[in-house]
Amino acid sequence: MKLIVIKAFCGIFILLGGITLGIGPVISEALPADSSILFKPTNSDHRRFNMEFRDAELKDVLRALGQEQGLNIIVSDDVDGKLTLSFQKVTLDEALEAILRVQNLISFRDRGIIRVAKSPFVEGEELLVTRMIPINFASVQEIATTIKGLLSKKGSVSTDIRTNTLLVRDVPTIVERITEIIKKLDSKTPQVMIEARIVEATTDFRRDLGVQWGMRRVVTTSNGVSSVSGLSQTGGTGLSGNSFMVNLPAAIGTGLGGGLGFTFGNLANTFDLDLQLSALEVSGRGKILSNPRILALDNKEAKISTGTEILIPVTSVVTGISAGATPSDGGGGAITSGVTTIDAKLELAVTPHVTPDGQILMHVKVDKKDPDFARQVQDVPPLNTRSAETDLLVKDGETIVIGGIYTSNESKNVAGVPWFHRIPVLGWLFKKEIKTETQTELLIFITPTVYK
């Protein structure tokens, strides 16, 4: 090694190979282009200094820094590499920490001696911190999925489902930012009470008008006796015992409608007239109110249902081998092998969301299925189905109609004697008329209420 000592203006310059160390007042001197070290103590604070390195060996930089500041430094053999930097007015701790961090080194202070060695951690790993963040209201797995995109390349997140805790490992600044975001996300989830009212109103009207009449006329002439009367094929007889010519009664009976009968005749018993009028009018009103309600969490679907399971036997047909054989002895027949079910129920399914301005956005589905035993086929009733599904925005506590169905059925049936029943006024003696009207109205109301 070439050692040259130059004294000038009470300053000392020591040239160690390609490294120049200056102590005291600085004298301008041309330095090699490939490497240099320059220290300039400042007048304002003797603990701060300026540093400049260009393509210098890392070991030489650390040794020169120790000589300048009067430190005892031991550098491990695995420390190598070159360094270029420029510091202005830095302290020893600031300079040393910056160099160690850039080169992924660690230092130990022991009785005035600083030991410098390679860090056993992956580069930057020693700067990571781990924080446990308890989650109070939200799902820890959902929060973990949300914050994964906020982590650095070295960061990681894990969950403990048992305690609903999130473990975040990353650099301190990112961990702090994630902690603040989680505080805002982990808010108390609003609950919404959804009340539905399904109103069904039915109005029925039926009018049935009928007539029955018959006559007997006996005429005696020189040629003999002739008579005119009704046929027995029409069915029924009048008060005089004669068959009806026109037999078109209304469907009256015990507790249904009414009738009025007349009989006319003469003393000679050559003329009889029977007339019976019948009428029936039935009207009815019905109202069905269904009122399901359910409490749901924000953005979570909730369902409630009630109804009846209708059992339907399942029959298998077995083809027999010989005529007259039964299923038990290998012949043909029908075997009931089990039952299946159909659901006749009322169901409400809703997914609410409370908006920032306090309104409620909902997806609502309402189904109502009732068995119609009056129209059953093979003892299996069909289902009358009413359904509504929609998305809507409602204010808290407000009632809104989400849908309605109005149906009106009108029918008019006429039975009579051809041609004659079309005669004005007199045509009523040759016909009967049935008029039926049915109106059905369905309305669905929804009322959401936020529980805070």
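**Notes on Asp372, the main pocket and the chain**

1. Start with Asp372: its relative accessibility is 16%, so it counts as buried, the cut-off for that being under 20%. Bear in mind that this is a predicted model.

2. Where does Asp372 sit? It belongs to the loop between β21 (360-371) and β22 (383-394). As for partners, the side chain of Asp372 has a polar contact with the side chain of Arg375, at 2.6 Å. If you set aside neighbours within four places in sequence, Asp372 is in contact with Pro381, Pro382 and Asn384.

3. On to the largest pocket, which has a volume of about 360 Å³. Its lining is made up of 16 residues, and those nearest the centre are Ala138, Ser139, Glu142, Leu185 and Thr189. Two elements, α3 (140-147) and α4 (172-185), each give two or more residues to that lining. Of the elements, α3 gives the most, with three residues.

4. What is the mix of classes in the lining of the largest pocket? Going by class, you get six nonpolar, five polar and five charged residues.

5. Now the protein chain as a whole: there are four helices and 24 strands. The chain has 452 residues, and 31% of them count as buried. The exposed area comes to about 28,200 Å², with carbon and sulfur atoms supplying 55% of it.

6. One last number, on contacts: taking those between residues at least 6 apart in sequence, 60% join residues at least 24 apart.

Notes: Residues numbered from 1 in each chain as written. Predicted model: local features only at pLDDT ≥ 70, side-chain atom pairs only at ≥ 80, totals over all residues. Heavy atoms only, no water. 1 Å grid on protein atoms, 1.4 Å probe; cavity = no way out; pocket = protein on both sides within 12 Å on 5 of 7 lines; lining within 4 Å. Points joined across faces, edges and corners; volume = space filled by probe spheres on them. Nonpolar A, V, L, I, M, F, W, Y, C, P; charged D, E, K, R; others polar. Buried < 20%, exposed > 50% of the residue type's maximum accessible area, 1.4 Å probe, protein only. Contact = heavy atoms within 4.5 Å. Areas by Shrake-Rupley, 256 points an atom, 1.4 Å probe, with all protein chains shown as cover. Polar contact = N/O pair within 3.5 Å; in protein donor to acceptor, adjacent residues only side chain to side chain.
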